Amino acid sequence: MTLKNLVGGAWISGQGSGEALIDPVLGQEVARVSVDGVSYGDALSHARRVGGPALRALSYAERAQLLGRIADVLSANKDDYYAIALENMGATRADAAFDIDGAIFTLKYYAKAGSTLGDARILRNGDVTPLSRDGAFQAVHLSVPVTGAAILINAFNFPAWGLWEKAAVALLSGVPVLAKPATATAWLAQRMVEDVDRERVLPPGALSIMCGPAGDLLERVSLGDVVAFTGSAETAAHVRTAPGVVRHSTRVNIEADSLNVAVLGPDAALGSAEFDLLIGEVIKEMTIKAGQKCTAIRRVLVPSQQYAAIAEALAARLSTIVVGNPRNATVNMGPLVSKAQQRTVQNGIAELAREAIVISGDNGSFKPVDADPDRSAFVAPTLFGCMDPSAATSVHDVEVFGPVATLLPYRDLEDALALASRGGGSLVASVFTADPQIMQAATLGLAASHGRVHLVNASVAKSHSGHGNVMPMSIHGGPGRAGGGQELGGLRALHLYHQLAVVQGPSDFVQNISAQTACA
Ligand code: NAP
């Protein structure tokens, strides 16, 4: 089966044999993709010419309704998506839910949030300001939807959520979407777009998808396009500096890799609720999606006097994880998405092993349940410990994108915050402490280098949203190596797909146009 591309309003097959998508448990081909002979340029011009005007003819509230209908279509086909996630990614039920249900939740959130913008077609940024003493000449800052296309380039680990968390915001803004999912796991995104297209939810040209290598995509960008990229820092550098992007000063949002930290507060000792909450969170982050989450905890900072107890508790929990074929009901951690990722993660483990010791991992007897180790892409959950984190480098630099984390002892909070910032800018830091003063100091110390600071004590044990969970009402993105991007965060996300302009003119006109706006 070769997946078709939705381009210019038609489903088109690429030429040639294309690339195979492989089941990472069974090692069998599940589908093929090809964009050979299919034009990124045609896809983009159709989106700009047909999809953009049709979307912008609608109000924010009308477009929000479309998001609600997309969520309904996806909900109705959820079982198929779980099956695809299993075949193409080896996703357990929980892994698939994280991606698929997360996508639907985000669409529903933006359907509701967007409805509050009512009949408006433009956004206002701040109040009307007088520019003359007599008040006759005034100014207002307006945000209008960009007139190009949203080019959504996504990573392999979230084919569903990655597509819809971006598309929801672009479509609500009135900007047509060209989706380019990662090749290895494109099937789920492609099927979702196919289902939405079949139900004619969106105006023609509002949603296109091409499944295969990026080719000349970034050479085809033009004025008013926005590139929203998620992937590795290495590819991000290519995207930022692509000649087409540079030529047109194309707006680029980068969500890249990250060495996120979880910090156990200096106050939290063995037996405290915060100690246990940290243990649970680290285990979850190492094993959900086999650690293939940009927000996953990679470094665990603990008071040096708690190091041994934490190492023991984590090792005990990791020993209960059953790794293998998710078709077996006892399994609670699946494979990496491909043999290529397995090799990359194994290389990363070897690199970390140069400066850290293995607390828990493959002792030579690791064997996935119900899977052939030669054909499948499993890696044992691996916890490292590094006794001299200040002197170490790889543990702060190398993002091993799998079920891998390193335990790092710290002397005091100041030391912990300094070590956290060695990640060079990350998506999220979580802090587990019962002490409000530590919360305060950690928040101020972490917020400049982390896009999200996630604070946990016993009072939120049941209600906190999770270190690795990206909520649509909170921003997602981080500075430095995390890409410097910003997605989501409620309606503030719309600004990525709007152009800000100040309108200066006669006060009656400025007042009148301001009355037609909504604030976001
Ligand atoms: P990747 O290799 O960088 O690929 C990301 C996307 O870029 C894919 O769609 C890929 O297409 C495309 N691409 C590759 N070369 C390109 C080029 N020259 N021009 C334009 N697009 C190009 O990343 P990945 O391996 O899929 O994902 C893993 C990485 O993503 C990890 O580092 C992880 O931390 C990061 N990530 C970050 C976030 C976040 O929100 N910050 C979320 C998830 C993942 P092909 O697949 O066709 O090569």
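# Reading the sheet, the rings and the odd corners

Tutor: Welcome! Let us start with one helix: α11, residues 339-352, lies across β17 and β18 and runs at about 20° to β18. Keep in mind that this is a predicted model.

Student: Thanks! Which strands form the sheet, and in what order?

Tutor: There are 7 strands, and the order is β16-β17-β18-β15-β14-β19-β20. The sheet is open and its pairing is mixed.

Student: Which strands stand at the edges?

Tutor: Those are β16 (357-360) and β20 (450-456). Each has a single partner strand, so one side of each is left without a neighbour in the sheet. As for the twist, neighbouring strands here are turned by 25° against each other on average, with direction ignored.

Student: Could we look at one pair of strands in detail? How many bridges join β14 to β19?

Tutor: The two are joined by 4 bridges, and they run parallel. Find residues 261-264 for β14 and 426-432 for β19. One bridge to look for pairs Val 261 with Ala 429 in β19.

Student: Which strands does helix α9 lie across?

Tutor: Helix α9, residues 273-287, lies across β14, β15, β17, β18, β19 and β20. Its direction is at about 165° to β14.

Student: Now the cysteines. How many disulfides does the structure hold?

Tutor: First the general idea: a disulfide is a covalent bond between the sulfur atoms of two cysteines. This structure holds 0 disulfides.

Student: Is Cys 386 buried or exposed?

Tutor: Residues under 20% relative accessible area are called buried. Cys 386 has 2%, so Cys 386 counts as buried. Cys 294, at 12%, is buried as well.

Student: On to the aromatic rings. How many aromatic pairs are there?

Tutor: The count comes to 4 aromatic pairs. To read the geometry of a pair, look at the angle between the ring planes: over 60 degrees counts as edge-to-face. Take Tyr 109 and Tyr 110: their ring centres are 4.9 Å apart and their planes stand at 85°, so this pair is edge-to-face. Tyr 110 is buried, at 0% relative accessibility.

Student: What about Phe 158 and Trp 161: how far apart are their ring centres?

Tutor: The centres are 5.2 Å apart, and with planes at 65° this pair is edge-to-face. Phe 158 is buried at 7% relative accessible area, and Trp 161 is buried at 8%. Together with Phe 98, Phe 158 and Trp 161 form one aromatic cluster.

Student: Which charged residue lies over the face of Phe 158?

Tutor: That is Lys 289, at 4.6 Å from the ring centre. Another case is Arg 63, which lies over the face of Tyr 60 at 4.7 Å from the ring centre.

Student: Last topic: the backbone. What is unusual to look for at Ser 249?

Tutor: Look at phi: Ser 249 has a positive value of about 50° although this residue is not a glycine. You will find Ser 249 in the loop between α8 (243-247) and β13 (251-255). With a relative accessible area of 65%, Ser 249 is exposed.

Student: And where is Leu 488 found?

Tutor: Leu 488 is found in strand β22, residues 487-488. Leu 488 also has a positive phi, about 60°, without being a glycine. Whereas Ser 249 is exposed, Leu 488 is buried, with a relative accessible area of 2%.

Technical notes. Residues are numbered from 1 along each chain as its sequence is written. This is a predicted model: local features need pLDDT of at least 70, side-chain atom pairs count only at pLDDT 80 or more; totals for chains, interfaces and linings use all residues. Side-chain values use heavy atoms; hydrogens and water are left out. Two strands pair if DSSP finds at least two bridges between them. Axes are lines fitted to C-alpha atoms, for helices over the stretch in contact, and angles run from 0 to 180 degrees between N-to-C directions. Contact means heavy atoms within 4.5 Å. A disulfide is a pair of cysteine sulfur atoms within 2.5 Å. Buried means under 20% relative accessible area, exposed over 50%, partly exposed in between (1.4 Å probe, protein chains only). Rings of Phe, Tyr and Trp (its six-membered ring) pair if their centres lie within 6.5 Å; planes under 30 degrees apart count as stacked, over 60 as edge-to-face and the rest as tilted. A charge sits over a ring if NZ of Lys or CZ of Arg is within 6 Å of the ring centre and within 35 degrees of the ring normal.
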